[in-house]
Amino acid sequence: MGDPTRDNVPYGTIRDRFDARRVIPFVGAGVCMVGREEKWTLGRGLPLGSELARELARDLGYSGEHRFCERCGEPIGDGDLRLDKIAQHAKNAENEFVFRTRLRSILAEQGRPNDLHDLLAELWPRIRLVVTTNYDTLLESALHSRDERFHTVFHTPRNQAGANCFGFLEHGGERPQYFSDDQLARRDLSEAGIIFKMHGTMATGAARDWEDFVITEDDYTAFLSQMPIPTAFFPYFVESSFLFLGCSLEDPDVRVLLHQLRKHRSKQDVPSWSIRRGASNAEKSAWAKRGVTVCNEVLTDFVRQIREELGRIGSV
């Protein structure tokens with residue numbers, strides 16, 4: 001007998017949309033929970049944002065217990081240990097270098113890709129574009145392990161050219177090129193799948209001076225006011241189904257993206273899904289108003305079931 005708290009996920013429809021190369025996976029921070037049963041500790045995979053915030057707050061002496069931070073004067077709420085607030089505190093207290101160094105040391109212990117990263121790598125021949133708000137490079141590692149070609153496009157919040165400029169890291173490259181939105185739109189992006197990192201990216205390899213990502217409250221305010229998305233991707237957006245993995249509507253990036261998407265789509269019958277365990281009826285209704293069906297399922301189980309669905313029709 002099935003679990004009455006779980007929804008019937010339309011695996012067949014999702015598979016068919018992948019077959020047509022009409023699915024854009026949107027990968028959020030919650031994917032780090034796939035296959036993870038124990039509490040996060042340093043060196044054992046990636047943390048949730050709240051776990052990372054607590055770790056960094058302890059290093060920086062940021063308690064979040066005062067109405068105004070005693071060191072930087074930033075207004076904060078009781079027990080408010082959000083990652084962007086801690087990063088803002090570090091910047092205002094002129095301690096941003098220490099913060100970013102510590103952040104990199106934690107994320108460098110990211111471990112190996114989990115089953116969801118591996119699944120996306122297996123599906124890569126059926127994927128044209130993945131969108132993610134994560135800085136880590138676990139998906140890239142999974143793709144490298146299967147010798148898949150891909151390019152990375154990422155937002156560059158500290159680039160002097162502004163929000164209209166994007167980093168472009170070609171497959172196998174060590175340093176990115178930088179293109180305006182118009183320049184990127186004129187490039188042929190069809191010969192390899194694309195990872196679009198909305199919040200920027202960590203760097204890999206020896207050259208790391210170019211890495212850039214949204215992290216402070218100021219960064220997020222600027223990002224959401226501009227919502228820099230390459231124009232080249234909108235043709236994919238309007239004809240594809242989004243598959244939200246490890247995301248919540250509490251994430252303003254998701255809400256703004258869906259708002260823009262509904263403005264650009266000429267028809268609203270393109271299905272999209274959010275795989276999200278524990279969603280309330282109110283949350284399901286909120287997603288539905290934005291054209292997304294919530295499937296009340298554990299991500300780990302979703303990965304297993306979609307693999308079984310693919311296995312019924314042969315290998316990827």
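A residue is called buried when its relative accessible area is under 20%, exposed when that value is over 50%, and partly exposed in between. Keep those three words in mind as you look around this structure, which is a predicted model. The protein chain has 316 residues, and 51% of them are buried. It holds 12 helices and 11 strands. Let's take a friendly walk through some of its details.

**The chain as a whole**

- Among the contacts with a separation of 6 or more, 69% are between residues 24 or more positions apart.
- The surface that the protein chain exposes comes to about 14900 Å², and carbon and sulfur atoms supply 47% of that area.

**Two residues with a positive phi**

- Here is some background: most residues other than glycine have a negative phi.
- Arg21 has a positive phi, near 55°, and is not a glycine.
- You can find Arg21 in the loop that runs between α1 (11-19) and β1 (23-27).
- The relative accessibility of Arg21 is 32%, so this residue counts as partly exposed.
- Asp147 also is not a glycine and has a positive phi, of about 55°.
- Look for Asp147 in the loop between α6 (138-145) and β3 (150-155).
- With a relative accessible area of 71%, Asp147 is exposed, because the cut-off for that word is over 50%.

**Aromatic rings that pair up**

- The whole structure contains 12 aromatic pairs.
- One of them joins Phe154 and Tyr178, with 6.5 Å from centre to centre and 80° between the planes, an edge-to-face arrangement.
- This pair links distant parts of the chain, since Phe154 sits in strand β3 and Tyr178 in strand β5 (residues 177-180), 24 residues apart.
- Are these two partners buried or exposed? Phe154 has a relative accessible area of 0% and is therefore buried, whereas Tyr178, at 34% relative accessibility, counts as partly exposed.
- Phe234 and Phe237 make another pair, with ring centres 5.3 Å apart and planes at 65°, so this one is edge-to-face. The reason is that planes over 60 degrees apart count as edge-to-face.
- Both Phe234 and Phe237 belong to helix α9 (residues 234-239), where they are three residues apart, or about one turn of the helix.
- Phe234 and Phe237 are both buried.
- Which residues do ring pairs link into a cluster? They are Phe26, Phe234, Phe237, Phe242, Phe244 and Trp287.

**A charge over a ring**

- Try finding Arg187 next: its charged end sits over the ring of Phe168, 4.6 Å from the centre of that ring.

**Salt bridges**

- How many salt bridges does a search of the whole structure find? The search gives 11.
- Glu239 is a good place to start, with a salt bridge to Arg22 at 3.8 Å, N to O.
- That bridge links distant parts of the chain: Glu239 is in helix α9, while Arg22 is in the loop between α1 and β1, 217 residues apart.
- Glu239 is partly exposed, as its relative accessible area is 33%, and Arg22 counts as partly exposed too, at 25% relative accessibility.
- Glu239 also forms a salt bridge with Arg128, whose closest N and O atoms are 2.8 Å apart.
- Here again distant parts of the chain are linked, with Arg128 in the loop between α5 (115-122) and β2 (129-132) and Glu239 in helix α9, 111 residues apart.
- Arg128 has 16% relative accessibility, so it counts as buried.
- Glu283 and Arg276 form a salt bridge in which the closest N and O atoms are 2.4 Å apart.
- Why does Glu283 count as buried? Its relative accessibility is 17%, and buried means under 20%.
- Arg276, at 23% relative accessibility, counts as partly exposed.
- Finally, a network of salt bridges links Arg15, Asp16 and Glu309.

Terms used:
Residues are numbered from 1 along each chain as its sequence is written. This is a predicted model: local features need pLDDT of at least 70, side-chain atom pairs count only at pLDDT 80 or more; totals for chains, interfaces and linings use all residues. Side-chain values use heavy atoms; hydrogens and water are left out. Helices (H or I, at least four residues) and strands (E, at least two) are DSSP runs, numbered from the N terminus. Buried means under 20% relative accessible area, exposed over 50%, partly exposed in between (1.4 Å probe, protein chains only). Contact means heavy atoms within 4.5 Å. Accessible areas come from the Shrake-Rupley method with a 1.4 Å probe; for residues, only the protein chains shown count as cover. Rings of Phe, Tyr and Trp (its six-membered ring) pair if their centres lie within 6.5 Å; planes under 30 degrees apart count as stacked, over 60 as edge-to-face and the rest as tilted. A charge sits over a ring if NZ of Lys or CZ of Arg is within 6 Å of the ring centre and within 35 degrees of the ring normal. A salt bridge is a side-chain nitrogen of Lys or Arg within 4 Å of a carboxyl oxygen of Asp or Glu.
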